[in-house]
Amino acid sequence: MKLYVIVTLCVLFTITQQISLSEKCVCEFAQSGKTFPHDKLERVQDAASDCNSNLMPQKTIELESLLLGLDRRLPVLEKDVSMLEKEDDGELYGVLSLYVIENEMTEIKELIDKLNSTSLEQEHVTATTTQQLQDLREEMQELETFDTMQVVKRQQANQRLKRDLEQCKNGLHPTHQPTKPPHGTCPYGQFLNISEPRVYTAGEYPGSYKYGAWGRDPKPEAGKESWYWRVILTSSNRYAHYVRFYSTLSSLIIGVSIPGNVKIHPSNPTTNTIQGPNNVLYGGALYYNCYNKDAVCRFSLTSKTVTTLDLPKGTRYNAKGNFCNLDECYQCTDLDLATDESGVWVVYTTTQDFGNLVLSKLEEGEPPVLGKTWRTSVYKQAVTNTFMACGILYATRYVNQEVEEIFYSFNPVTGQERFNIGIFMKKLAPNIQALNYSPVDQMLHAYCDSYMVSYKVQFELLDNQS
Ligand SMILES: *[C@@H]1O[C@H](CO)[C@@H](O)[C@H](O)[C@H]1NC(C)=O
Ligand SMILES: *[C@@H]1O[C@H](CO)[C@@H](O)[C@H](O)[C@H]1NC(C)=O
């Protein structure tokens, strides 16, 4: 056996020797076409991604938000002017109304200036992007000439064929609409979908204060119907000690806070400080998680007093029952206050519920009283935020930086839970620190990494054109 191997090796050796002694074999490679310009392809790719980032949806939404602000502002002005016409006694009332109108005009002028500069900027972006696209198109056409084997062309033809085939199949077997479950107690019917972002603004402190909340009081005091509120967690992204007001949506967008702040306490943090971002304003009072307590605080804007409602024993607080995404939790989101058509709710979790979401109705009053409580089977840390809309609890989860999914719902009337809602929200910043529904105009207000974004909720039986 060994001998045999040695003999074979010897033979191999001699053969190799002979080959290396004989003439060398040269392989000639003749290239018929031009070399493929990889560097050019890379340049085209870079230019395309540049182009994409120029066309970020944020930019058009900013313009739309401003227009929306103006749209809401003008009827107010019109109303005040007609009031002036009626009231003008040449005396005090006339002077006061004139003063109000003057303020409004100043605000509208600021809005128009901002609109002007934003649209100029947009025009510029559009012009440069159009040129870039034209250049890209030419370069791609040039690159296509390298497709000598017609690979791309055939792929395109295949795609067309596949699409036709799909259409053909669908034509033969029309898809059946799934039967809709009854909508319970909501007069608007089913929650169908959510719009693209309608408002998107950096507001008064662009890029600052990652944690906060904002919205509208669903049951405002007289004269404050058009007010918007904002709470920013100014201390360690955890605590706040005042609510800031804006007389209209456009003031919020352009960042002019009149009438300004209403303070809960001069220092921060201390007893009754706001802890965590998921607060709501309802009936002229701010409902929030009070500092260092498993309790809901109610701060009345008129009496400037705080009353407290203790939650059940075992309620998780001080960042022990947070909302989370896959990688991190949102600090101090133990208690999520929510508003809908029926008033104020609180979403939280307890040790005895093993970290699952618990929902309680709050009954108004000073102090508010804990109403009925429901337990769910969804784990709070698997949820990024929740909101109530028309009597139903909805929970969201993080899909990626651009998309959030409303995946879960719980109907407290029927006790039905659904994990397959599958409504996707387009995000303009990766994280949602607060989410709250406004029953006044069916808008969902989100506070996202210091941006304020809102979406229109589309219900089955509501006209959602506005
Ligand atoms: C818009 O801005 C440009 C340049 O700043 C200015 O020339 C123009 O008058 C402005 N238009 C209005 C309506 O304010
Ligand atoms: C839901 O709304 C989004 C826009 O926000 C839209 O792209 C999507 O197609 C809608 N989905 C359905 C099922 O209508």
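This report covers the fold, the salt bridges and a charged surface patch of one protein chain. The structure is a predicted model.

**Overall make-up**

The chain has 466 residues, and 43% of them are buried. Its secondary structure consists of six helices and 26 strands. Among contacts between residues at least 6 apart in sequence, 57% join residues at least 24 apart. The accessible surface of the chain is about 25,800 Å². Carbon and sulfur atoms account for 56% of that surface.

**Salt bridges**

The chain holds twelve salt bridges. Three of them are listed here, with the N to O distance for each.

| Basic residue | Acidic residue | N to O distance |
|---|---|---|
| Lys-210 | Asp-449 | 3.7 Å |
| Arg-216 | Asp-441 | 2.8 Å |
| Lys-224 | Glu-221 | 3.1 Å |

Take the pair Lys-210 and Asp-449, whose side chains meet in a salt bridge. This pair links distant parts of the chain, 239 residues apart. Lys-210 sits in the loop between β2 (199–201) and β3 (212–215). Asp-449 sits in the loop between β25 (443–448) and β26 (451–459).

Is each partner buried or partly exposed? Lys-210 has a relative accessible area of 34%, so this lysine counts as partly exposed. Asp-449 has 13%, which is under the 20% cut-off, and therefore counts as buried.

What else does Asp-449 touch, beyond its neighbours within four places in sequence? Its contacts are Lys-210, Ala-429, Pro-430, Asn-431 and Gln-433. The salt-bridge partner Lys-210 is thus one of the residues in contact with Asp-449.

Next comes the pair Arg-216 and Asp-441, with side chains meeting at 2.8 Å, N to O. Arg-216 lies in the loop between β3 and β4 (228–232), and Asp-441 lies in the loop between β24 (434–438) and β25, so the bridge ties together parts that are 225 residues apart in sequence. Arg-216 is buried, with a relative accessible area of 16%. Asp-441 is buried too, at 11%.

The third pair is Glu-221 and Lys-224, whose closest N and O atoms are 3.1 Å apart. Glu-221 has a relative accessibility of 22% and counts as partly exposed. Lys-224 is also partly exposed, with a relative accessible area of 24%. Both values lie between the 20% and 50% cut-offs, so neither residue is classed as buried or exposed.

**A negative patch**

Which residues form the negative surface patch? They are Asp-39, Glu-42, Asp-46 and Asp-50. One of them, Asp-46, is found in helix α2, which spans residues 38–54.

**Helix α4 and Asn-116**

Helix α4 covers residues 92–144 and includes Asn-116. The relative accessible area of Asn-116 is 43%, so this residue counts as partly exposed. How far apart are Asn-116 and Leu-63 in sequence and in space? They are 53 residues apart in sequence. From C-alpha to C-alpha, Asn-116 and Leu-63 are 9.6 Å apart.

**In brief**

The salt bridge between Lys-210 and Asp-449 links parts 239 residues apart. The bridge between Arg-216 and Asp-441 ties together parts 225 residues apart. The negative patch includes Asp-46, a residue of helix α2.

Technical notes
Residues are numbered from 1 along each chain as its sequence is written. Chains are lettered from A and ligands numbered from 1 in the order in which they are written. This is a predicted model: local features need pLDDT of at least 70, side-chain atom pairs count only at pLDDT 80 or more; totals for chains, interfaces and linings use all residues. Side-chain values use heavy atoms; hydrogens and water are left out. Patches are made of residues with over 30% relative accessible area and no salt bridge: like charges are joined within 9 Å, nonpolar side chains (Val, Leu, Ile, Met, Phe, Trp, Tyr) within 5 Å. Accessible areas come from the Shrake-Rupley method with a 1.4 Å probe; for residues, only the protein chains shown count as cover. A salt bridge is a side-chain nitrogen of Lys or Arg within 4 Å of a carboxyl oxygen of Asp or Glu. Lys and Arg count as positive and Asp and Glu as negative; His and the chain ends are not counted. The place of a charge is taken as NZ of Lys, CZ of Arg, CG of Asp or CD of Glu. Helices (H or I, at least four residues) and strands (E, at least two) are DSSP runs, numbered from the N terminus. Buried means under 20% relative accessible area, exposed over 50%, partly exposed in between (1.4 Å probe, protein chains only). Contact means heavy atoms within 4.5 Å.
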